[in-house]
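I sat down with this entry to look up a few local features. My notes follow in the order I took them.

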Amino acid sequence: MSTEGTPARYNYAPGPAQLPPEVVAKAAEAVRSFPPHGRSILELSHRSTDFGAIAEQAEADLRALLALPDDYVVLFLNGGARVHYTLWVQNLSTPGDRIGLVDSGFWSQQAIKEARKLREIRVLPDSPDPADYPDLAPADADGLAFLHYVSNETLTGLAMPAPQAACPLVCDRTSDFLSRPFDIRPYALCYAGSQKNFGTAGLTVLVARRDCLREETGLAPGLSYAAQARTGCLYHTPPIYAWHVSALMLRWIREQGGLEEMERRARTRASLVYDCIDASSLYANAIVPRARSRMNVCFTLADSGLEAAFLQQAETAGLIGLRGHKVTGGMRASLYNAMPVTGAEALVEFMRDFERKA
Ligand SMILES: *Cc1c(COP(=O)(O)O)cnc(C)c1O
C-alpha cells in the first residue's frame, strides 16, 4: 500500500521536529498574508515596527517562561547551535583562561574538539560512561573559568543535570530547552537551536549573563555576542521567518501552561515509551534509569534483522522519523515539546503490536 500523499500522523525526528498544527497554520498564513499590509512575512523588513513587535513579544515570552533576571540578555542569532562550540569560547573566555568541558557523549565531544583549538581545556571526567552521566565533585572545576556541558545528549538519549561547580556554567541545551523549568543563576550562558523544542531551523537562542560577554574579542561584529546584544541582534538581516516561528512557539508554550506543563507532558510521554521498552523482550534501552532522557528515547531490537521491517511498518502506520542516528544505530523516538501525549501512545501501541507479530 502506498502512503504517498497521506500526511504522517506523528513525526519523531530528532530535529527539525514536529510542530503543533496550530503553529504551522499560523506560520503558513503569515507567508500568505501578514497584517497590517497583507503582504507576505517573507517580505517583511527587519527595520519595520511589525518585525519589532515580533521580536519584542518573543523576548518577553522567553523572559517570562524562564523567569529571567534583568542581568541576563537574550540573543536571537542565525545559524546552528554548533557554531557556538567556537563562539562561546571566544566571547566569554580570555586566551589565558583554562576552561572545563564535561564529556557525556557525541555533542559534548564536538564541543570539546572545537574548544581544544582555542584554549587550554580540562575534560571531565577522565573516563566517561556512555550509559550514565558523571557525578562531578565541585572540586573538579577548581581553577576553571567556565564549565561547559550538554544537558541532553540527543544521539544516545542521555540527560545530565547541572554539574555542581564554583565557576559559571555554559550549557548546550539544544535538545531539551524549554522542556522543563530550570534555575538560570549558575549559568553564564545557555544556548539552543530552535529546530527541536521551539521552532524551525535557522535560529539559535542564547541566554547570557551580561557581565560575562567580553567586548575585546577581536571578532567580527556579527560573531560578537556583545556587539549583537547592542544592536538588538540586527547587525545583519536576521532570519525573520524562523524568528517568527519561534515567537509563535514561545507564545504557544505559554498558552499551554508554560514550562511546568511542558515538563508534565514530557514525563508522561517518556514514561509511556520506557515502560513499554522495560516490559518487552524485543526492545532494550542502554541508558541507566537516572540518566534517561525524556526528549530522545533510544532503543534497539533484540533481533537487528527486524529493524528495516519495524521502520517500514511504522511509516505505513503514519509514524515517521524513528531511525536512530547513523553513529548509534537502532531506533530513536524524539518527543519534544510539540509531541502530544497521543503521539507517545500511538508509538507504544505500534511497538506492542509489532512485538506480538514478530
Ligand atoms: C541538534 C543538536 C546540535 C546541533 O544543532 P545545529 O543547530 O544543527 O548546529 C547541537 N547540540 C545538541 C545537543 C543537539 O541536539
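I take helices (H or I, at least four residues) and strands (E, at least two) as DSSP runs, numbered from the N terminus. This is a predicted model, so I hold local features to pLDDT of at least 70 and side-chain atom pairs to pLDDT 80 or more, while totals for chains, interfaces and linings use all residues. Residues count from 1 along each chain as its sequence is written, and side-chain values use heavy atoms, with hydrogens and water left out.

**Serine 224 and glutamine 228**

I looked up serine 224 first. I found serine 224 in the loop between strand 10 and helix 5. Is serine 224 buried or exposed? I call a residue buried under 20% relative accessible area, exposed over 50%, and partly exposed in between (1.4 Å probe, protein chains only). Serine 224 has 4% relative accessibility, so I log it as buried. For contacts I use heavy atoms within 4.5 Å. Leaving out residues up to four places away in sequence, serine 224 touches Asn91, Thr217 and Leu219.

Glutamine 228 sits in helix 5, residues 225–230. Its relative accessible area is 1%, so glutamine 228 is buried. With residues up to four places away in sequence not counted, glutamine 228 touches Leu75, Leu77, Pro221, Gly222, Cys233, Leu234, Tyr235 and His236.

**Backbone oddities**

Most residues other than glycine have a negative phi, and most peptide bonds are trans. I listed some exceptions.

Cysteine 233, a contact of glutamine 228, has a positive phi near 60 degrees. Cysteine 233 lies in the loop between helix 5 and helix 6. Cysteine 233 is buried, at 5% relative accessible area.

Alanine 67 also has a positive phi, about 50 degrees, and is not a glycine. I place alanine 67 in the loop between helix 2 and strand 2. Alanine 67 is exposed, with a relative accessible area of 62%.

I noted cis peptide bonds too. One joins proline 35 and proline 36, with omega about 5 degrees. Proline 36 is in the loop between helix 1 and helix 2. Another runs from leucine 124 to proline 125, with omega near -10 degrees. Proline 125 falls in the loop between strand 4 and strand 5 (146–150).

**Helix 6**

How many of the 17 residues of helix 6 are buried? I get 12, so helix 6 is largely enclosed by the rest of the structure. Among them are Trp243, His244, Met249 and Trp252. The buried residues pack against helix 1 (21–32), helix 2 (49–66), strand 2 (72–78), strand 10 (203–209) and helix 7.

I checked the length of helix 6 (residues 240–256) as well. The expected span is 1.5 Å times one less than the number of residues. That gives 24 Å for helix 6, and its end C-alpha atoms are 24 Å apart, which agrees. Glycine 257 follows helix 6 and has a positive phi near 125 degrees.

**Sheet 11-12-14**

I count two strands as paired if DSSP finds at least two bridges between them. By that rule, 3 strands form an open antiparallel sheet in the order 11-12-14. Why is one side of strand 11 (283–284) and of strand 14 (331–334) left without a neighbour in the sheet? Each stands at an edge and has a single partner strand, so one side stays free of a neighbour in the sheet.

Strand 12 (residues 296–301) is joined to strand 14 by 4 bridges. Asparagine 296 has serine 334 as its bridge partner in strand 14, and phenylalanine 299 has methionine 331. Strand 11 joins strand 12 through 2 bridges. There, alanine 284 stands opposite threonine 300. In strand 12, 5 of the 6 residues are buried, so the strand is largely enclosed by the rest of the structure.

**Strands 3 and 4**

Strand 3 (residues 98–102) runs parallel to strand 4 (residues 120–124), with 5 bridges between them. Leucine 101 stands opposite valine 123 in strand 4. Of the 5 residues of strand 3, 4 are buried.

**Ligand**

I set polar contacts as pairs of N or O atoms within 3.5 Å; within protein, one must be able to donate a hydrogen and the other to accept it, and residues adjacent in sequence count only if both atoms are side-chain atoms. A backbone N or O atom of alanine 81 is 2.9 Å from a ligand oxygen atom. A polar backbone atom of arginine 82 is 2.9 Å from an oxygen atom of the ligand. Tyrosine 85 places a polar side-chain atom 3.2 Å from a ligand nitrogen atom.
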